[in-house]
Each structure stands twice: as C-alpha cells, then as structure tokens.
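Me: Please take a close look at one part of this model: the largest cavity and what surrounds it. Which residues line the cavity, and how does the rest of the fold connect to that region?

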Amino acid sequence: MGSDYEETMSKKHCQHTTIKSKLIILFLIVSTNLLTIYIFTGPHTNFQQTQLSTQYSPDPTDLVVKLNATRDELVMTRKQISGLRKELYSAHSLTEELINQLTRLTGNIDQSNPNPKPTTYDDLLDDVSDETKLAIGPHKLPLGHNPKMGDEIYFSVGGGCLNQKQDLETYMSYEIGQECPWDDVFAQTLMLKGCEPLPKRRCHPKSPANYVEPTPLPDSLWATPPDSSIIWDPYTCKNYTCLKERQKGPGVYDCKDCFDLDGREKTRWLHDNGALDYGIDQVLEMKPKGTIRIGLDIGGGAGSFAARMKERNVTIVTTSMNFDGPFNSFIASRGLLSMHVSISQRLPFFENTLDIVHSMHVLSNWIPDTMLEFTLYDVYRVLRPGGIFWLDRFFCIGSQLNATYVPMIERVGFRKLRWNTGMKLDRSVDKNEWYFSALLEKPMT
C-alpha cells in the first residue's frame with residue numbers, strides 16, 4: 001500500500017511539473033510571437049519607409065515636415081511599446097497565477113509529509129477494515145437508480161471522523177453478531193471530537209444483570225429506578241445512592257444534584273420569582289391553552305423539565321450527554337424521551353415543527369460565538385411560527401451581554417417576550433459574572 005501511495009504521489013508530482021513547464025513554454029511562445037508581429041507590422045515600419053523616401057527628396061521643406069511626422073510616429077511607437085511591455089508583464093503575472101492555481105488543484109506535494117491526513121469522505125475508506133467500509137461506505141441501491149437518491153446510499157457519519165481515523169477503527173473493532181465492547185466513554189469522546197453521529201455497528205450492547213420492569217407512569221416521573229436497570233462500568237459511582245450523595249462532597253460534576261429527585265429537582269420551574277426564575281405555568285399561559293404540545297430540552301440533565309411538562313400533557317424530548325453519570329438511562333427510566341446528542345449536532349427535527357425549545361445553563365459563553373449563533377439559528381429553524389425559545393439562566397461576563405449576545409439574538413430574529421438579567425453573586429462581584437433568562441418568540445410571519 002505504501003509503494004502504491006508513493007507511486008501515485010510521484011505521478012501527481014510529474015504531472016504537475018509537466019503542466020507547469022508547458023504553461024511557461026506556451027507563455028514564451030505567445031510573447032515572442034506578439035513582439036515579432038508588432039516589430040514587422042507596427043507603426044514604426046512607416047518610419048523606415050519615410051527614411052528611404054527622404055533620400056530622394058530635393059525639397060528641404062518636405063524633409064522637415066516628414067522628419068517631424070517621423071518624430072511624432074516614433075514617440076507614439078515608444079508609447080505603444082511601453083503599453084505592450086505592461087501587457088506582457090500583466091500576461092506574465094496572470095500566467096504565474098494560473099500556475100499557482102494549477103499547483104493547488106493538482107496537489108501541492110509536501111515531501112516532508114508523505115502521509116497527509118485524509119481530506120475527503122472517500123479518503124476515509126482508505127486503509128480501514130472491511131467492517132468499517134461496510135458501516136460507512138456507499139451501497140448500491142438493489143432496485144437500481146432512484147431519481148431522488150441516485151445509484152448509491154450513504155450512512156450518515158460525522159465529518160470529524162475524517163480526523164479520528166485510528167479511534168474510528170478502534171470503535172469498529174468487534175466480533176460481528178457478538179457482544180459489543182463496553183466502550184461508552186470512548187464512544188462519547190469520539191462524538192465530542194466531531195465524529196457524530198457515530199457509525200452503526202453489528203454487535204449487541206451488554207444488558208444489565210437482574211433487570212426488572214420499570215416503574216409505571218405516572219409514578220416513574222419522580223421515582224429513582226433500581227440499580228439493576230443499568231450497567232455501571234463506565235461511571236465512578238456504582239449505584240444511584242452514590243450519585244445522590246456526591247453533591248455533598250468535593251469535586252466538580254455535571255449537574256451535581258440532578259439525581260436527587262427529592263431535592264432541588266422537585267421544585268424546579270414551579271414558582272416564578274419575577275426575575276431569572278420562570279415558572280412553567282406562567283410560560284404556558286403566554287400562549288393559547290393547549291397550543292404548547294411538543295418540544296425539546298437542550299442539555300436537560302436528568303430530565304426534570306420534561307417530567308414537569310409531561311404532567312401538563314406536553315411531550316418534551318431531552319438531549320443529554322453521559323458525563324460520568326447515566327443521564328440518558330435515568331431519563332428513560334422516568335418514562336421520558338432521551339436523545340444522546342451533543343450541541344454540535346444539527347437538531348434532528350424538521351423545520352417549523354416544535355412548539356417550545358428550552359435550555360438551562362448549557363447554552364452559555366463557553367460555546368464559541370460562531371458555533372452558538374449557528375445553534376440559535378437551528379433553534380429558530382425547528383420552532384414553528386409563534387413557537388417559544390426559553391433561554392434559562394444563560395451565563396456570561398457583563399461585557400459580553402450587550403456587546404455580543406444581545407446583538408446575536410437580534411440578528412437571528414427572535415422577538416423578546418420577556419427578558420431578565422441578574423449578577424451571579426456566589427463568587428466575587430469583581431468577576432462581573434451575569435445570568436440572563438429570556439422568553440423569545442419566533443415571529444408568526
């Protein structure tokens with residue numbers, strides 16, 4: 001494989017050199033011909049004829065007139081030659097630019113990097129196992145050409161996989177039809193590197209031992225599931241008691257007290273303090289009764305927002321990541337819909353379909369500004385006209401509030417229904433840390 005690659009690169013380099021040489025020769029031939037034609041057919045030839053005729057002119061007056069005319073023609077000729085030189089210089093510059101473009105198009109071969117990173121989807125299929133090729137490569141349509149899809153169908157695989165080829169191969173290493181490797185943490189890390197969605201696999205995930213039927217609705221909304229409902233291998237805690245207790249100890253965890261359903265989770269969004277904390281009932285009252293029916297909670301932790309909404313006959317899909325905790329499994333155990341996707345992924349909903357989108361803490365200033373703006377536009381896309389975007393406790397620095405985020409929201413096109421700001425006071429006031437909460441509406445027209 002290595003010799004084939006070197007031979008291919010050598011051929012590309014030779015082709016590139018040949019093209020460049022031909023272009024230079026072509027430029028010299030064209031330039032020489034232009035100059036030759038001009039010398040033999042240009043206005044200065046009249047000067048030679050005038051010189052010959054003056055040898056036989058006996059009239060001094062005529063000679064002076066002809067000399068003056070010849071002088072004028074000579075001045076004009078010099079100007080034309082100067083102009084021709086400029087045109088030739090311009091043509092030379094254009095040729096050099098053309099050569100540079102051809103160099104980029106044919107590939108600027110870097111001898112110091114004989115193994116450049118793959119840059120296309122097809123490159124991803126080079127030097128990978130057969131199973132990986134089957135999982136991500138194109139497949140011919142069995143019924144032939146389809147006017148909507150063409151001749152082939154592709155699995156959806158995240159573009160970041162192009163830069164994570166070795167990790168992708170590790171993820172796709174398993175025995176077909178057997179138990180999958182227990183690699184949830186590795187798989188999630190691969191997702192966060194941009195390989196999202198991950199390719200499908202032909203293996204079975206490990207099932208929890210002593211699994212029991214879930215608690216029925218509506219009791220499941222606020223019941224901690226049995227420890228036997230999940231596999232604890234990827235997590236530091238090995239039971240739900242540990243997850244509840246870690247809020248009392250040191251360390252930083254994502255959503256540190258989310259698993260304690262008898263604690264703060266039990267009262268979230270029940271009361272509206274007229275400031276940063278909005279109540280669900282007050283938000284729903286801003287729209288005609290029954291028109292908020294389906295929605296999305298971005299980065300919804302353990303799913304408590306969706307649970308509160310379900311109590312009000314609103315169906316919410318919760319996206320969450322498993323950062324050292326079984327968040328998605330916990331959400332599902334409560335009888336709620338979970339979706340294991342990061343904020344980098346395009347929201348998997350059609351445009352103009354959702355009544356409400358909510359996000360608490362996740363959408364904040366830790367996200368690069370450009371990526372955040374794309375995300376806000378995507379929220380706008382999936383909301384129906386008149387739909388509500390509930391931005392819950394967005395964190396930022398005071399200088400960013402009016403300089404960055406207010407203009408960004410206005411650019412996206414949301415209409416403000418409610419807007420509250422408040423300083424974050426648990427650290428020094430000198431930190432100038434702020435929250436803002438907002439209810440934003442997608443315009444009807």
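Reply: What follows starts at the cavity and works outward through the cores, the strands and a few backbone details.

The model is predicted. The structure holds 1 cavity of 30 Å³ or more. Its volume is about 40 Å³. The lining of this cavity consists of Leu372, Leu376, Leu391, Phe394, Tyr405, Met408, Ile409 and Phe436. Three elements each give two or more residues to that lining: helix H12 (369-382), strand S7 (383-397) and helix H13 (398-412). H13 supplies the largest share, 3 residues. The chemistry of the wall is uniform: 8 residues are nonpolar, with no polar and no charged ones.

Next, one of the lining elements, H12. Thr375 lies in this helix. Thr375 counts as buried because its relative accessible area is 11%, and the cut-off for buried is under 20%. Leaving aside neighbours within four places in sequence, Thr375 contacts Ile343 and Leu363. Leu376, named above as a lining residue, also matters for the cores below.

Now the cores. The largest nonpolar core has 33 residues. Tyr240, Ile280, Phe305, Met309, Ile316, Ile356 and Trp390 touch the most other members. Elements that give two or more residues to this core are helix H8 (240-245), helix H9 (280-284), helix H10 (304-310), helix H11 (327-333), strand S6 (354-360) and S7. H10 gives the largest share, 4 residues. Phe305 is a good place to zoom in. Beyond residues up to four places away in sequence, Phe305 touches Trp269, Ile280, Asp297, Ile316, His358 and Trp390. A second, separate core has 28 residues. Leu347, Ile367, Leu376 and Val379 are among its members. Leu376 therefore belongs to this second core by the rule that joins buried nonpolar residues through side-chain atoms within 4.5 Å. S7 appears in both accounts: S7 gives residues to the cavity lining and to the largest core.

The strands tie these pieces together. S6 is mostly covered, with 7 of its 7 residues buried. On one pairing, strand S3 (residues 294-298) and S6 run in the parallel sense over 4 bridges. There, Asp297 stands opposite His358 in S6. Both of these residues are also contacts of Phe305. In another pairing, S6 and S7 are parallel over 6 bridges. Here Val357 stands opposite Phe389 in S7.

Just after S6 comes a backbone detail. His361 sits in the loop between S6 and H12. Its phi is positive, about 75 degrees, although His361 is not a glycine. His361 counts as partly exposed because its relative accessibility is 39%. Asp127 makes a useful companion. Phi of Asp127 is near 60 degrees, again positive in a residue other than glycine. Asp127 lies in the loop between helix H4 (121-124) and helix H5 (130-136). At 56% relative accessibility, Asp127 counts as exposed.

Two cis peptide bonds complete the backbone notes. One runs from Glu196 to Pro197, with omega near 5 degrees. Another runs from Leu217 to Pro218, with omega near 0 degrees. Pro197 is in the loop between helix H7 (184-192) and H8. Pro218 lies in the loop between H7 and H8.

Finally, the whole chain for context. It has 13 helices and 9 strands. Buried residues make up 37% of its 445 residues. Among contacts with a separation of 6 or more, 67% join residues 24 or more positions apart.

How values were computed. Residues numbered from 1 in each chain as written. Predicted model: local features only at pLDDT ≥ 70, side-chain atom pairs only at ≥ 80, totals over all residues. Heavy atoms only, no water. 1 Å grid on protein atoms, 1.4 Å probe; cavity = no way out; pocket = protein on both sides within 12 Å on 5 of 7 lines; lining within 4 Å. Points joined across faces, edges and corners; volume = space filled by probe spheres on them. Nonpolar A, V, L, I, M, F, W, Y, C, P; charged D, E, K, R; others polar. Buried < 20%, exposed > 50% of the residue type's maximum accessible area, 1.4 Å probe, protein only. Contact = heavy atoms within 4.5 Å. Pairing = 2+ DSSP bridges.
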